[in-house]
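Trainee: Could you walk me through a structure I have not seen before?
Mentor: Gladly; ask away.

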Amino acid sequence: MQCVVTGGNVKVLAKAIHSLSRIGDELYVEPQQDGLALRSVNSSRSAYACFLFAPLFFSRYSLPNGHDFRCKMAIKSVQSVFRSLATLEKTVEKCHIELDEQKNRLTFTLHCKHGLLKTHNLSYQDSESLQAVFDKEGCGNVFRAQPRLLVDTVVHFPPSLEEVSTVCFLLSERSKAMVTELCLASDEFDHFAVHAHNSVTFCLKELRGLLVFAESTGLPISMYFDEPGSPVVLSVTDSVLEGNFVLATLSHDDHSFQKNNTKGFFKASGNLLPGSRKPNWGPDPKVENPCSST
């Protein structure tokens with residue numbers, strides 16, 4: 001396998017890897033005919049993320065015939081390749097990624113200005129394919145917004161807040177507990193389709209990670225969700241890449257623990273309702289095993 005990333009796409013790749021680091025400690029790498037897939041999952045398998053970079057994202061993308069390879073490695077080691085995001089775009093002209101299966105090494109070579117080369121030889125382990133089972137197109141509620149709208153919303157929540165809830169009620173319930181609540185009108189979104197008046201509660205850390213990527217690339221974020229207990233899917237896409245973050249949401253039973261908790265609200269046509277500390281996958285048979293290795 002050989003991949004060459006040039007120009008501003010080097011920074012896009014680096015931002016994607018940093019976003020995946022918000023999910024789990026390991027990076028799963030799987031070269032495919034339709035592009036390079038980078039994935040991560042957290043230890044409890046309640047949060048999963050994948051970026052698929054199409055062959056056109058690269059100036060060169062080649063796989064041997066009959067190639068069937070996948071591996072995993074510590075995501076911190078890959079982050080170290082792209083440590084200086086602030087200067088990456090100014091100093092790095094291209095990134096060459098090459099697989100050496102005989103030495104169990106994935107080599108990242110940064111071609112910098114003035115002929116300087118920086119080579120990182122990273123060890124890896126063979127792994128099974130990591131896949132999440134989800135159907136975002138079948139979700140009843142879909143929002144799409146520019147990243148700046150959501151960044152300006154999330155900035156009001158304290159860093160210590162672990163969960164937020166998206167509510168698509170016309171009117172929100174008022175709680176006696178302390179809340180931070182923001183209301184966004186439907187016309188603030190690029191796309192707004194509500195077919196079921198539900199609220200879902202999910203972890204905020206992963207959302208922040210995707211927002212950093214979306215803001216740097218200027219790509220709008222789409223949110224897909226149904227009832228509590230079913231996963232929420234956050235997506236960014238354009239002609240050469242697609243990113244999906246699949247996050248567990250609290251079920252109806254979990255909401256019984258929220259009455260005495262500090263709460264965060266985020267309203268889409270309504271409000272963000274309370275969050276607790278224990279995300280889990282709901283009983284929907286399509287997603288009861290959201291992350292599986294095959």
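**Pockets, cores and loops**

Mentor: Let's begin with a pocket: the lining of the second largest pocket has 3 nonpolar, 5 polar and 6 charged residues. Keep in mind that this is a predicted model.

Trainee: Which residues lie nearest the centre of the second largest pocket?
Mentor: This pocket has a volume of about 240 Å³. Two elements, β2 (26-32) and α5 (204-217), each supply at least two residues of its lining. Out of the 14 lining residues, the ones nearest the centre are I23, G24, V41, N42 and S43.

Trainee: Thanks! How many helices and strands does the protein have?
Mentor: Let's take the whole chain together. Of its 294 residues, 53% count as buried. Among contacts with a separation of 6 or more, 71% are between residues 24 or more positions apart. As for the elements, the protein has 5 helices and 22 strands.

Trainee: What distance separates the end C-alpha atoms of helix α1?
Mentor: Helix α1 covers residues 9-20, which makes 12 residues. At 1.5 Å a residue it should span 16 Å, so we can set that beside the model. The two agree, as the end C-alpha atoms are 17 Å apart.

Trainee: Is α1 largely enclosed or largely open, and which of its residues are buried?
Mentor: Buried here means under 20% relative accessible area. Because 9 of the 12 residues of α1 are buried, the helix is largely enclosed by the rest of the structure. The buried residues are V10, V12, L13, A14, K15, A16, I17, S19 and L20.

Trainee: Which residues have the most contacts inside the largest nonpolar core?
Mentor: That core has 74 residues. Its largest share, 7 residues, comes from α1. Apart from this core lies another of 12 residues, among them A37, Y48, C139 and V142. Back in the largest core, those with the most contacts are L13, L38, F53, F57, F82 and F108.

Trainee: What does F108 touch?
Mentor: Let's leave out residues up to four places away in sequence, as the list does. What remains for F108 is V78, V81, F82, C95, H96, I97, K118, T119, H120 and L122.

Trainee: How much space lies in the largest cavity?
Mentor: The count comes to 3 cavities of 30 Å³ or more. Lining the largest cavity are M1, L13, I17, L27, V29, L36, L38, M73, V78, I97, L106 and F108. Elements giving two or more residues to this lining are α1, β2, β3 (35-41) and β8 (105-112). The space in the largest cavity is about 80 Å³.

Trainee: How does the lining of the largest cavity divide into nonpolar, polar and charged residues?
Mentor: L13 and F108 belong to this lining, and both are also among the residues with the most contacts in the largest nonpolar core. By class, the lining has no polar and no charged residues, and the nonpolar ones number 12.

Trainee: Does R45 count as buried, partly exposed or exposed?
Mentor: R45 lies in the loop between β3 and β4 (47-53). Its phi is positive, about 55°, although R45 is not a glycine. Most residues other than glycine have a negative phi. With 30% relative accessibility, R45 counts as partly exposed.

Trainee: And what is the relative accessible area of H114?
Mentor: H114 is in the loop between β8 and β9 (117-123). This residue also is not a glycine, yet its phi is positive, about 65°. H114 is exposed, and its relative accessible area is 85%.

Conventions. Residues numbered from 1 in each chain as written. Predicted model: local features only at pLDDT ≥ 70, side-chain atom pairs only at ≥ 80, totals over all residues. Heavy atoms only, no water. Helix = DSSP H or I, 4+ residues; strand = E, 2+ residues; numbered from the N terminus. Expected span 1.5 Å × (residues − 1). Buried < 20%, exposed > 50% of the residue type's maximum accessible area, 1.4 Å probe, protein only. 1 Å grid on protein atoms, 1.4 Å probe; cavity = no way out; pocket = protein on both sides within 12 Å on 5 of 7 lines; lining within 4 Å. Points joined across faces, edges and corners; volume = space filled by probe spheres on them. Nonpolar A, V, L, I, M, F, W, Y, C, P; charged D, E, K, R; others polar. Core = buried A, V, L, I, M, F, W, Y, C linked by side-chain atoms within 4.5 Å. Contact = heavy atoms within 4.5 Å.
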